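Start with the sheet, then follow the helices that lie across it, and finish at the ligand.

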Amino acid sequence: MNNIIEIKNLKKTYENGTIKALNGIDLEIKKGESVSIIGPSGSGKSTLLNMIGALDRADEGNIYVADNDLMQKKDLSKFRLNEIGFVFQLHNLIPNLTVLENVQTPLIETSIPDKKMEERALEILKSVNLSDKINQKPTKLSGGERQRVAIARALVNHPSIILADEPTGALDSKTSEIIIKLLLDIHKKENVTLIMVTHEQNVANMAERSIYVLDGKIKEEKMNTPTGINI
Ligand SMILES: Nc1ncnc2c1ncn2[C@@H]1O[C@H](COP(=O)(O)OP(=O)(O)OP(=O)(O)O)[C@@H](O)[C@H]1O
Ligand SMILES: [Mg+2]
């Protein structure tokens, strides 16, 4: 299958149907593509990401992710572990674990031997340039360093899709740029599909395609040039 994600007429309501968070989403994403999702607060961006990452189930419609029918699938946690890497705005690192331990947490419920888990975590921490911080606690790190730990943690299970929900929302503009470039770099090198939610147009333009969400629907889509300048 060329498309890693296929969504048709997806709907999700909250509060007994009074809030229509997703109101008929149609979306196809190719394997290895980078896509940004932009739109006003409350428009449904995080809800859409949560449906793709199977953190929650939709009410109606179809959603296929990496050949899994998420409306039907039973074991969603196994699906998440195999296919998805999450990066959130607030990185959710565990404060009393070291950087190395934090990165290994997604692997704990797998059957991967400890030694292999550590090797993989060390390798990925090297790729985000944090080899010198592996024994440090997250509270002693800068915001950008913490977000790089979160990215390493998202990648440690070799996901086919990275879902990033405002990954730079809590960072200054210079650090934001470093983090986005790192995500795009990993996406290219490892051929991982990248979907990132952002409020910033310049960040959105750095993805290959941008999607504009309004009132739970996709209002507009556009292709971006590799320089981030719109055609
Ligand atoms: N768990 C929930 N319970 C009830 N309503 C919810 C829940 N999660 C989201 N909503 C509502 O669904 C709508 C879409 O929310 P969502 O979080 O997807 O927006 P968003 O586009 O990510 O906004 P932001 O840019 O502020 O993060 C909003 O009206 C929100 O209040
Ligand atoms: Mg959101």
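**From sheet to ligand**

Six strands build an open sheet with mixed pairing, in the order β6-β7-β8-β3-β9-β10. This is a predicted model. At the edges sit β6 (84-87) and β10 (217-223), each of which pairs on one side only. Neighbouring strands are turned by 20° against each other on average, direction ignored.

Strands of a sheet pair through backbone hydrogen bonds, either parallel or antiparallel. Take β3 (residues 34-38) and β9 (residues 209-214): this pair is parallel and has 4 bridges. Here I37 stands opposite I211 in β9.

Now add the helices. Helix α6 (residues 173-190) lies across β3, β7 and β8, and runs at about 155° to β8. Helix α1 lies across β3, β6, β7 (161-165), β8 (193-197) and β9. Its direction is at about 155° to β7.

Helix α1 also leads to ligand 1. Which residues are closest to ligand 1? They are S41, G42, K45, S46 and T47, out of 14 that surround the ligand. By class, this shell has 4 nonpolar, 7 polar and 3 charged residues. Helix α1 gives the most to the shell, with 3 residues.

Several polar atoms face oxygen atoms of ligand 1. A polar side-chain atom of S41 lies 2.6 Å from one oxygen atom of the ligand. The backbone contributes too: an N or O atom of G42 lies 2.8 Å from a ligand oxygen. For a backbone N or O atom of G44, the distance to a ligand oxygen is 3.0 Å. The protein covers 63% of the 640 Å² of accessible area that ligand 1 has on its own. The elements giving two or more residues to the shell are β2 (19-30) and α1 (45-52).

Notes. Residues numbered from 1 in each chain as written. Chains lettered and ligands numbered in written order. Predicted model: local features only at pLDDT ≥ 70, side-chain atom pairs only at ≥ 80, totals over all residues. Heavy atoms only, no water. Near = heavy atom within 4 Å. Polar contact = N/O pair within 3.5 Å; in protein donor to acceptor, adjacent residues only side chain to side chain. Areas by Shrake-Rupley, 256 points an atom, 1.4 Å probe, with all protein chains shown as cover. Nonpolar A, V, L, I, M, F, W, Y, C, P; charged D, E, K, R; others polar. Pairing = 2+ DSSP bridges. Axes fitted to C-alpha atoms, helices over the stretch in contact; angles between N-to-C directions. Contact = heavy atoms within 4.5 Å.
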